[in-house]
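Visitor: I have a structure open and would like to learn how to read its features. Could you walk me through it?

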Amino acid sequence: MPIDVADPVREALAAGRPVVALDSGLLSGGLPRPRNRVLAEEAEAAVHEAGALPATIGVLAGRLTVGLDRVGLARIADGAEAFSARDLPVAIASGHDGGVTVGGAALVAARVGIGVVAAAAIGGVRRDARDSYDESSDLSSLARARTTVVCGGVLPTMDPGLTLERLETLNVTTLGVGIGRLPSAYLGPTEALLPREVADANAVARVAAAREELALPGGATLAVVTVPADEAVPGRFHDRLLRTAVASAARKEISGPALTPFLVRTLHQASQGRSLQAHAALSREVAVCAGETAVALASS
């Protein structure tokens, strides 16, 4: 699989300096333009502030690219589709531009030797999975990617409890960083209890290093942070909007991989910017923790 690694990223990896990969799935498939590119740049800046080099992953003209520059970010933000790990071969063979989802980014990061990935939220088991059998491919990718993924919990369209059950089955070591319950992205913590809570990024790095030393087969270390309480979107307000968005998707016969981006985009629009503001705050928390984790791993 052709992978272009930007020179600054290649040099940092060769020197053992901290690098954080960032996914671009929501950049291309879920956030409104032009705010999507601004949020991506803000997340990269937060990684820098934490002492690490950001390396956003995307597909440009059929080439997997690790370390998008501003021009590359703009191309993907301008209406390109999002590709999961399953669809990357199609994107490459077709010469397309596109974002890369969390699971795909984790696999690519592990392939090139990046030890930490930042993602605002991961896909999981859908709320209606008992009827739809819908489960994000992020989960199976996390089960195979030997890296540490720092995220803000699961997308709000997912079932937190069922997602945690699948993560356990898939042997993904899951930690809460200063929190004991799995967040639903910009909604904040849910009732789903996380298996372990650690104090900070240094503790995440120690767990990740221990997992690597054990040489457990495949599988990521998943570290979860939460949106600041004063930025979180109220759950009841969001659920009302979600029911409307789901009904709209059904009327338009939107399903499969297109469903989650549609729901996320619709929710951001319907909340009149409130969820987007919360997403921005969450993305910063994730980026800072990911950067600090990368720094701790590089110095260990």
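Guide: Gladly. Let's begin with the pockets: the largest pocket has a volume of about 1,000 Å³. Keep in mind that this is a predicted model.

Visitor: Which residues lie closest to the centre of the largest pocket?

Guide: Look for Gly 25, Leu 26, Ala 82, Thr 101 and Pro 261, which are the closest to the centre among the 50 residues that line the largest pocket.

Visitor: And which elements give two or more residues to that lining?

Guide: Here is the roll call: the helices are α2 (25-29), α3 (35-49), α8 (137-142), α12 (259-270) and α13 (274-299), and the strands are β5 (81-83) and β7 (116-119). The largest share comes from α12, with 5 residues.

Visitor: How do the lining residues of the largest pocket divide by class?

Guide: You get 26 nonpolar, 15 polar and 9 charged residues.

Visitor: What volume does the second largest pocket have, then?

Guide: Its volume is about 340 Å³. The second largest pocket has 18 lining residues, and those nearest its centre are Gly 115, Arg 146, Thr 147, Ala 208 and Glu 212. Helix α10 (residues 201-214) gives the largest share of this lining, 4 residues. By class, the lining of the second largest pocket divides into 7 nonpolar, 8 polar and 3 charged residues.

Visitor: How many cavities of 30 Å³ or more does the structure hold?

Guide: A cavity differs from a pocket in that a probe fits inside but cannot get out. The structure holds 1 cavity of 30 Å³ or more, and about 50 Å³ of space lies in the largest cavity.

Visitor: What lines the largest cavity?

Guide: Its lining consists of Leu 26, Ala 120, Ala 121, Leu 155, Ala 185, Tyr 186, Val 264, His 268, His 279 and Leu 282. At least two of these residues come from α12, and at least two from α13. The classes are 8 nonpolar and 2 polar, with no charged residues. Leu 26 is worth a second click, as Leu 26 is also listed among the residues closest to the centre of the largest pocket.

Visitor: On to the backbone. Which residues other than glycine have a positive phi?

Guide: Two to look at are Ala 61, with phi near 50°, and Asn 171, with phi near 65°. Ala 61 sits in the loop between β3 (53-60) and β4 (63-66), while Asn 171 is in the loop between α9 (160-169) and β9 (173-177).

Visitor: Why do we call Ala 61 and Asn 171 partly exposed?

Guide: Partly exposed covers the range between the buried cut-off of 20% and the exposed cut-off of 50% relative accessible area. Ala 61 has a value of 48%, so Ala 61 is partly exposed. Asn 171 has 35%, so Asn 171 is partly exposed too.

Visitor: How do I read a pair of packed helices?

Guide: Two packed helices are described by the angle between their axes and the distance between the axes. Here, α3 and helix α4 (residues 70-77) pack at an angle of about 140°, with 9 Å between their axes. Over 145 degrees would count as roughly antiparallel, so α3 and α4 are oblique to each other. The α3 and α4 crossing is right-handed.

Visitor: One last stop: is Ala 290 buried or exposed?

Guide: Ala 290, in helix α13, has a relative accessible area of 0%, so Ala 290 is buried. Try the C-alpha to C-alpha distance from Ala 290 to Val 117: these residues are 173 residues apart in sequence and 6.9 Å apart in space.

Conventions:
Residues numbered from 1 in each chain as written. Predicted model: local features only at pLDDT ≥ 70, side-chain atom pairs only at ≥ 80, totals over all residues. Heavy atoms only, no water. 1 Å grid on protein atoms, 1.4 Å probe; cavity = no way out; pocket = protein on both sides within 12 Å on 5 of 7 lines; lining within 4 Å. Points joined across faces, edges and corners; volume = space filled by probe spheres on them. Nonpolar A, V, L, I, M, F, W, Y, C, P; charged D, E, K, R; others polar. Buried < 20%, exposed > 50% of the residue type's maximum accessible area, 1.4 Å probe, protein only. Axes fitted to C-alpha atoms, helices over the stretch in contact; angles between N-to-C directions. Parallel < 35°, antiparallel > 145°, perpendicular 65-115°, else oblique. Left-handed = near helix turned anticlockwise from the far one by under 90°.
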